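Got the structure open in your viewer? Here is a short tour, stop by stop, with something to select at each one.

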Amino acid sequence: MALIDLANPTRFIALVERVLPVLVALSIGFIALGLYQAFFVAPEDYQQGDTVRIMFIHVPAAWLSLFCWSMMSVSALGTLVWRHPLSDVAAKAAVPIGAAFTFVCLVTGSLWGKPMWGTWWMWDARLTSVLVLFIMYLGLAALWSTIEDPIRAGKAAAILTLVGFVNIPIIKFSVDWWNTLHQPASVFRAGGPTIHSSILWPLLIMAIGFTFLFTTLHLLAMRNEILRRRLRTLRMMEAARSDSSVATTTTAAPSTAKLGAAIEAGAE
Amino acid sequence: MTRKQRRLTLIGVAGTVLLAAVGLVLFALSGKITLFVTPADIAAKNIGPGQQIRLGGLVKVGSVVKSDGAAVRFEIEDTVKTIKVTYAGVLPDLFREGQGVVTEGKLTADGGFVADTVLAKHDETYMPKEVADSLKAQGHWNPADANKPKPQ
């Protein structure tokens, strides 16, 4: 199946139904293996002891929160430049998921900060920029629900998403550019990871599991969004039909073929 | 130029302008964004006594003195200067000699520092205790590397 075929929502939904069981199995498998490794296999850290295990949730959630906004930015380009019919569906469906991962990142980070640093929160560049990311997710959700017409909402949200993308490199490099309480990057850094392999492997397994979980949730949310838009089109058509039947007193129902074509058009 | 190319160009230009603007703002505000100053910064930035600041650096090895009362004395150093700190309160678990710390408080007239809070930084290395011990035994241990504050 070529990528272009996925522009057709019906084919896209068919594909989602096919890959979903595999994705669910992979998510559960990797996260189960990762959690087992995180709690029973990974050793205590030499200076942080057992507290280091918070990392196995905190870091994958942080990565996914950045990945999600980056993916939404690509979708935003798809909406604004190529007018791809599924890109604004993808962007909208990702917003609450990205917000949830960012929230998990902030909460676990706070729980980690208290025992290690001695504080739940500090207004340093890394923590603040991630909080800004979380607020931008909420703002994006608010924008989507403010504008009723999906096409117009999609364009406005796409512009906000691209503007917000500026924050992504700021988050990544905040720990290098300014003095912060948060430590610098451990995995994606020049010179290779500074995490011993016995701790790094569980982390990577969890990260893969979180990525599958994100993909699963995102495809489900996209499918729901497509169905929601079809429902919206159906309701509008029904309203238009009952209006016109009152006006002309004709009761002829539209042929099912015509209705089907109209739903298809509405979804795109 | 097709319409798609035109839209793409427009987004590219707008994005570049936005990046430049944000970059300038962050550069101008970097003194405010940075969480703490180091001992060397205090002289360079003319920070006087009585001003509430955050001072960060490494706890100098051999400088920690716990007296009978609750007060603790230690020295914070960067690569250039050292400042004597007194603090009465609970220290975080990670506080120890050679560790990165961020303290908040005021400079005194004699060039010392009275801290209200002491927070511990940790570096970005993670390893099992046995590995750390064997690294130390082999003399490959350099924990202070990552804790070094950045020059402002």
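Start by selecting A:Leu35, which sits in helix H1 of chain A, a helix covering residues 9-41. Keep in mind along the way that this is a predicted model. Is A:Leu35 buried, partly exposed or exposed? It counts as partly exposed, because its relative accessibility is 32%.

Now add A:Tyr36, A:Phe39, A:Phe40 and A:Val41 to your selection: with A:Leu35 they make up a nonpolar patch on the surface. Taken together, the five have about 530 Å² of accessible area.

**Next stop: salt bridges in chain A**

There are ten salt bridges over all chains. Pick out A:Asp88 and A:Arg229, whose side chains meet in one of them, at 3.2 Å from N to O. What does this pair tie together? A:Asp88 belongs to helix H3 (residues 87-116) and A:Arg229 to helix H7 (residues 197-248), both of chain A, so the contact links parts that are 141 residues apart in sequence. Both ends are tucked away: A:Asp88 counts as buried at 8% relative accessibility, and A:Arg229 is buried too, with a relative accessible area of 9%. The cut-off to remember here is that buried means under 20%.

Stay with these helices and select A:Lys92 and A:Glu225. They form a salt bridge as well, with the closest N and O atoms 3.4 Å apart. A:Lys92 is in helix H3 of chain A and A:Glu225 in helix H7 of chain A, so here the parts tied together are 133 residues apart in sequence. The two partners differ in cover: A:Lys92 is partly exposed, with a relative accessible area of 26%, while A:Glu225 counts as buried at 5% relative accessibility.

Want the wider view? Show A:Asp88, A:Lys92, A:Glu225, A:Arg228 and A:Arg229 at once, and you have a network of residues linked by salt bridges.

Before leaving helix H7 of chain A, move along to A:Glu238 and A:Arg241. How far apart are they in the helix? Three residues, which is about one turn. Their side chains meet in a salt bridge of 3.2 Å, N to O. A:Arg241 counts as partly exposed at 31% relative accessibility, and A:Glu238 is partly exposed with a relative accessible area of 42%.

**Over to chain B: the strands**

Select strand S3 of chain B, residues 71-77. Which strands does it pair with? Try these in turn:

- Strand S1 of chain B (residues 52-59) runs antiparallel to S3(B), and two bridges join them. To see a partner pair, click B:Val59 and B:Ile76.
- Strand S2 of chain B (residues 65-66) is also antiparallel to S3(B), again with two bridges. Here, B:Lys66 has B:Val72 as its bridge partner.
- Strand S4 of chain B (residues 82-88) is joined to S3(B) by seven bridges, and the two run antiparallel. B:Glu75 and B:Lys84 are bridge partners.

S3(B) and S4(B) form a hairpin, so to speak of what lies between them: four residues.

**Last stop: a patch shared by two chains**

Finish with B:Arg6, in helix H1 of chain B (residues 3-28). B:Arg6 counts as partly exposed, at 49% relative accessibility. Add B:Arg3, then A:Arg83 and A:Lys155: with B:Arg6, these residues form a positive surface patch.

Key. Residues are numbered from 1 along each chain as its sequence is written. Chains are lettered from A and ligands numbered from 1 in the order in which they are written. This is a predicted model: local features need pLDDT of at least 70, side-chain atom pairs count only at pLDDT 80 or more; totals for chains, interfaces and linings use all residues. Side-chain values use heavy atoms; hydrogens and water are left out. Patches are made of residues with over 30% relative accessible area and no salt bridge: like charges are joined within 9 Å, nonpolar side chains (Val, Leu, Ile, Met, Phe, Trp, Tyr) within 5 Å. Accessible areas come from the Shrake-Rupley method with a 1.4 Å probe; for residues, only the protein chains shown count as cover. A salt bridge is a side-chain nitrogen of Lys or Arg within 4 Å of a carboxyl oxygen of Asp or Glu. Lys and Arg count as positive and Asp and Glu as negative; His and the chain ends are not counted. The place of a charge is taken as NZ of Lys, CZ of Arg, CG of Asp or CD of Glu. Buried means under 20% relative accessible area, exposed over 50%, partly exposed in between (1.4 Å probe, protein chains only).
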